[in-house]
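Student: Could you take one part of this model and go through its side chains with me, atom pairs and cut-offs included? I'd like to see how that part ties into the rest.

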Amino acid sequence: MSLGAALCAIALIALGLLLKLNASEWASWVQALGSIFAIAATGWAVNRSHALSADKAEDDAAADEVRKLSAIASCIFHCRAETESLKRYCAYKPTLDREIELLGQPVQMLRSISALEIPDWRATVAVGQAMSMFSYLVGRLQEKNETIPFNQRISEERVERCIEAITKFEQCERLVQATLKERGADVPQQQMQFADGAVLSVSAAAT
């Protein structure tokens with residue numbers, strides 16, 4: 001647009017020289033040139049404003065996607081961490097109702113996220129798989145809770161189911177972390193410390 005205005009001004013000046021304008025005519029000619037430049041400047045300002053607004057909207061949308069993916073990654077990490085904690089009680093607690101309730105809290109947060117709001121199909125798959133694994137795990141553990149008397153075989157079977165769930169939650173974490181890395185975002189670094197001093201870190205799934 002600026003280039004077009006400049007070319008138009010040059011053409012008008014050349015035409016004015018060709019027509020051998022007098023002082024009064026040149027004044028009108030200069031006024032016309034000023035109007036052209038004013039229109040060009042206004043057009044440039046409007047276009048620039050629209051471009052900046054579009055860039056900001058795009059940046060805001062990208063940041064919102066990262067926030068959603070980070071929240072999902074955090075929830076799935078806590079699913080893994082709570083399952084790790086639950087596994088530690090399998091050897092000696094006949095019932096695990098309280099531990100299952102704690103595991104259900106991050107899963108409930110995942111359920112509150114509409115699939116249409118998840119910005120990447122891999123994250124959608126991860127959320128679905130995490131919730132399915134939770135349902136499977138709870139079903140198997142509650143089945144064992146109803147078995148009397150509690151014994152070593154039941155304990156070992158419950159531990160195996162927890163390990164299976166931990167592996168699946170870790171796989172789900174990796175899916176979501178891949179979407180964050182593609183967007184140039186950092187993977188949320190989180191840790192959970194258990195009563196025996198052991199620490200579970202998200203870095204185990206981020207490598």
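Tutor: Let's start at Tyr92, which counts as exposed at 53% relative accessibility. Here exposed means over 50% relative accessible area, buried means under 20% and partly exposed is in between, with a 1.4 Å probe and protein chains only. Before going on, note that this is a predicted model, where local features need pLDDT of at least 70 and side-chain atom pairs count only at pLDDT 80 or more, while totals for chains, interfaces and linings use all residues. Residues are numbered from 1 along each chain as its sequence is written, and side-chain values use heavy atoms, with hydrogens and water left out.

Tyr92 pairs with Tyr89 in a tilted arrangement, with 5.9 Å from centre to centre and 55° between the planes. Rings of Phe, Tyr and Trp (its six-membered ring) pair if their centres lie within 6.5 Å; under 30 degrees between planes is stacked, over 60 is edge-to-face, and the rest is tilted. The structure holds one aromatic pair. Tyr89 itself is partly exposed, at 28% relative accessibility.

The ring of Tyr89 has a second partner: the charged end of Lys93 sits over it, 5.3 Å from the ring centre. That label requires NZ of Lys or CZ of Arg within 6 Å of the ring centre and within 35 degrees of the ring normal. Arg88 does something similar with another ring, lying over the face of Phe194 at 4.2 Å from the ring centre.

Stepping back along the sequence, Glu84 forms a salt bridge with Lys87, and their closest N and O atoms are 3.0 Å apart. A salt bridge here is a side-chain nitrogen of Lys or Arg within 4 Å of a carboxyl oxygen of Asp or Glu. Side chains of opposite charge can pair when their charged atoms come close. Both residues are in helix H2, three residues apart, about one turn of the helix. (Helices are DSSP runs of H or I with at least four residues, strands are runs of E with at least two, and both are numbered from the N terminus.) Glu84 counts as buried because its relative accessibility is 13%, whereas Lys87, at 21%, counts as partly exposed.

Now for the packing. Helix H2 spans 23-89 and is one of the elements supplying at least two residues each to the largest nonpolar core, a core of 30 residues. A nonpolar core is a set of buried Ala, Val, Leu, Ile, Met, Phe, Trp, Tyr and Cys residues joined through side-chain atoms within 4.5 Å. Ile72, Ile76, Leu86, Leu110, Phe169 and Val176 touch the most other members. H4 gives the largest share, nine residues. Take Leu110: beyond neighbours within four places in sequence, its contacts (heavy atoms within 4.5 Å) include Ile72, Cys75, Ile76 and Cys79, along with Val127, Ala130 and Met131. Apart from this core lies another, of six residues, including Phe77, Ala81, Met192 and Phe194. Phe194 is the ring that Arg88 lies over.

Charged pairs turn up elsewhere too, with 15 salt bridges in the whole structure. Arg122 and Asp120 form one of them, at 3.0 Å between the closest N and O atoms, and both residues are buried. They belong to a salt-bridge network that also links Glu65, Glu182 and Arg183. Thr179, in helix H5, is in contact with Asp120 and Arg122, and with Leu69 and Ala123 as well, leaving aside its neighbours within four places in sequence. Thr179 is buried, with a relative accessible area of 0%.

Helix H5 also holds Arg161 and Glu164, three residues apart and separated by about one helical turn. Their salt bridge has 3.1 Å between the closest N and O atoms. Arg161 counts as buried at 17%, while Glu164 is partly exposed at 33%.

To place all this in the whole fold, the protein has six helices and two strands, in the order α-α-α-α-α-β-β-α. Buried residues make up 34% of the 207 residues.
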